[in-house]
Amino acid sequence: MRKPILVLLACCAAQFSFAQQDDSATIRRLADEVLTNGQAYENLRVLTKTVGGRLAGSPQMVKAEKWGEAALKAAGADKVYTQECMVPHWVRGEREQARIVSRRRDYVAPLNIIALGNSVGTGEKGVTAPVMEVRTFDELEEKKDQVKGKIVFFNYKFNQKFIKTFRSYGDAVLYRTRSASRASKYGALAVVVRSMSHSTDNHPHTGGLHYNDSFPKIAAVAIGLKDAEVLSKRIAGDPSMKLFLRTNCRMLSDTVGHNIIGELRGSEFPDEYITVGGHLDAWDNTEGAHDDGTGCVQSIEIVRAFKALGIRPKRTIRVVLFANEENGLRGGSKYAEQAKANNEKHLFALESDAGGFTPRGFIMDMSDAQRNKIKSWAPLFLPYGLYDFDEVGGGADVGPLHNLLGTPMAELSPDSQRYFDIHHAASDVFEAVNKREMELGAVGMGALVYLVDKYGL
């Protein structure tokens with residue numbers, strides 16, 4: 001069982017002989033510092049337990065921004081400041097309700113649902129209507145003449161065959177973001193969407209939706225997976241049943257939010273920037289621990305560890321806690337727009353927004369030459385469990401920087417198997433984070449920032 005691993009390590013050791021020994025030593029010191037003196041876990045505890053959900057526009061958003069400023073200052077950033085941006089202000093209101101209405105006398109408990117972000121509400125009286133189930137948008141089109149006056153239940157399941165679960169999410173997420181308008185086009189009164197998850201519990205998973213302004217806006221909710229099966233079976237066995245649905249959410253006027261930025265000033269090229277960060281906002285139904293508290297505290301930890309070890313970067317390292325990733329991407333867009341307006345030189349942008357689980361590597365969007373340069377450093381990462389550098393992609397918040405300035409971008413790629421159990425759900429809490437797994441992610445991110453700073457791309 002151990003032989004393939006030993007062979008892999010032997011091959012990497014041979015390659016490593018060509019790597020500079022001081023890089024290995026520096027990364028080892030970085031790992032030791034993070035794993036023995038790290039503050040990321042405690043920072044996460046404070047963020048999740050004293051702030052909790054911190055949706056754009058909410059009082060918790062303001063509290064989180066103050067936390068971010070204080071955490072960056074405590075980490076030793078040379079400069080901490082805010083970058084203003086206008087953010088959407090959606091509020092959930094009173095708890096959502098859904099129950100089956102039927103002539104049958106058997107009792108069915110209320111269904112576990114949650115309104116999708118940016119959704120309109122049903123109104124105080126709610127909606128009571130027949131329900132039709134469809135599995136796909138193609139099925140919706142086939143049955144479009146049956147939709148008017150009904151609630152449409154989109155029961156599209158996560159594809160279990162994808163090993164990397166972000167592929168399952170990418171495959172299914174259109175049913176969250178587009179289903180309301182697709183059904184409204186044919187006269188639906190509301191939609192219920194199977195949660196974007198393959199978990200075995202019944203927590204509903206929220207997330208943003210997008211309306212097509214060509215059609216009326218209707219209420220949209222996600223349903224827990226166990227209750228999705230309950231609803232599906234009931235529709236099949238009780239064609240006369242109806243569903244009562246009431247949500248109280250609404251969109252208010254845009255308000256002021258902020259990116260929180262901390263810098264380690266470069267010693268040789270202070271006007272060249274390497275960005276590393278995560279998004280500070282989180283949905284209101286969750287503590288936002290893995291999404292994306294871990295990304296924020298891992299990024300802050302790089303500053304603290306560099307300072308503690310006396311690592312002076314040649315370029316300026318910017319840690320950015322981005323505003324409003326969840327339902328608007330206003331923070332990432334503002335950061336890129338400002339960088340372009342200031343004619344800034346950005347060498348590299350790294351994000352952590354895939355959970356604080358065991359790191360496996362990085363997904364990257366850059367030229368082949370740049371990717372190959374990073375892959376040449378692979379022997380330096382292998383001792384810390386990072387080996388995968390082949391997937392193409394990057395984080396949502398650094399995406400605008402990549403698109404506007406052509407900045408090479410990357411995202412930490414942790415093991416994904418448990419992420420969509422808790423993504424956008426009430427179960428995304430501090431207790432769901434493993435301290436050591438999260439710290440190893442910070443080690444990998446810090447090592448990559450160190451190498452890009454030292455050698456460039």
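Analyst: Let's start with one idea: two strands count as paired when DSSP finds at least two bridges between them. Please keep in mind that the model above is predicted.

User: Thanks! Which residue stands opposite Gly262 in S11?

Analyst: Gly262 faces Val319 there. The two strands, S9 and S11, pair in the antiparallel sense, with five bridges between them.

User: How many bridges join S1 to S9?

Analyst: S1 and S9 are linked by twelve bridges and run antiparallel. If you want a place to look, find Tyr81, which sits opposite Ile261 in S9. One general idea helps as you follow a strand with your eye: in a regular strand, side chains alternate between the two faces of the sheet.

User: What is the order of the strands in this open sheet?

Analyst: Reading across, the order is S1-S9-S11-S10-S12-S14-S13, which makes seven strands with mixed pairing. The edges are strand S1 (79-91) and strand S13 (359-365), each of which pairs on one side only. From one strand to the next, the twist averages 20°.

User: What joins S13 to strand S14?

Analyst: Six bridges do, and S13 and S14 (residues 409-414) run antiparallel. One pair to click on is Phe362 with its bridge partner Leu412 in S14.

User: There is another open sheet. Which are its edge strands?

Analyst: They are strand S2 (97-101) and strand S3 (113-115), each pairing on one side only. This sheet has seven strands in the order S2-S8-S4-S5-S6-S7-S3, and its pairing is mixed. Its twist averages 30° between one strand and the next. For a parallel example, take strand S6 (residues 190-194) and strand S7 (residues 219-223), joined by five bridges. There, Val192 has Val221 in S7 as its bridge partner.

User: Now helices, please. At what angle do helix H3 and helix H10 cross?

Analyst: The general idea is that two packed helices are described by the angle between their axes and the distance between the axes. For H3 (residues 40-51) and H10 (residues 289-309), the axes come within 9 Å and cross at roughly 135°. That makes H3 oblique to H10, because angles over 145 degrees would be needed for roughly antiparallel. H3 passes H10 in a right-handed crossing.

User: Which residues in H3 meet H10?

Analyst: On the H3 side they are Ala40, Asn43, Leu44, Leu47 and Thr48; their counterparts in H10 are Ala289, Gly293, Thr294, Val297, Ile300 and Glu301. Sorted by class, this contact has six nonpolar, four polar and one charged residues.

User: And at what angle do H10 and helix H16 pack?

Analyst: H10 and H16 (residues 435-455) pack at about 55°, with their axes 9 Å apart. The two are therefore oblique to each other, and H10 passes H16 in a right-handed crossing. Residues of H10 in this contact include Gln298, Ser299, Ile302 and Phe306, and those of H16 include Met438, Ala442, Met445 and Tyr450. By class, the contact has eight nonpolar, five polar and one charged residues.

User: Which strands does H10 lie across?

Analyst: H10 lies across strand S9 (250-264), strand S10 (269-279), strand S11 (315-322) and S14, running at about 145° to S10. That links the helix back to the sheet we began with.

User: Which residues does the UniProt annotation "domain: Peptidase M28" cover?

Analyst: According to the UniProt record, an unreviewed entry, the annotation covers residues 259-437. In the model, that span is 33% helix and 25% strand, and its end C-alpha atoms lie 26 Å apart.

How values were computed
Residues numbered from 1 in each chain as written. Predicted model: local features only at pLDDT ≥ 70, side-chain atom pairs only at ≥ 80, totals over all residues. Heavy atoms only, no water. Axes fitted to C-alpha atoms, helices over the stretch in contact; angles between N-to-C directions. Helix = DSSP H or I, 4+ residues; strand = E, 2+ residues; numbered from the N terminus. Parallel < 35°, antiparallel > 145°, perpendicular 65-115°, else oblique. Left-handed = near helix turned anticlockwise from the far one by under 90°. Contact = heavy atoms within 4.5 Å. Nonpolar A, V, L, I, M, F, W, Y, C, P; charged D, E, K, R; others polar. UniProt positions renumbered as here; feature names shortened; annotations may be inferred.
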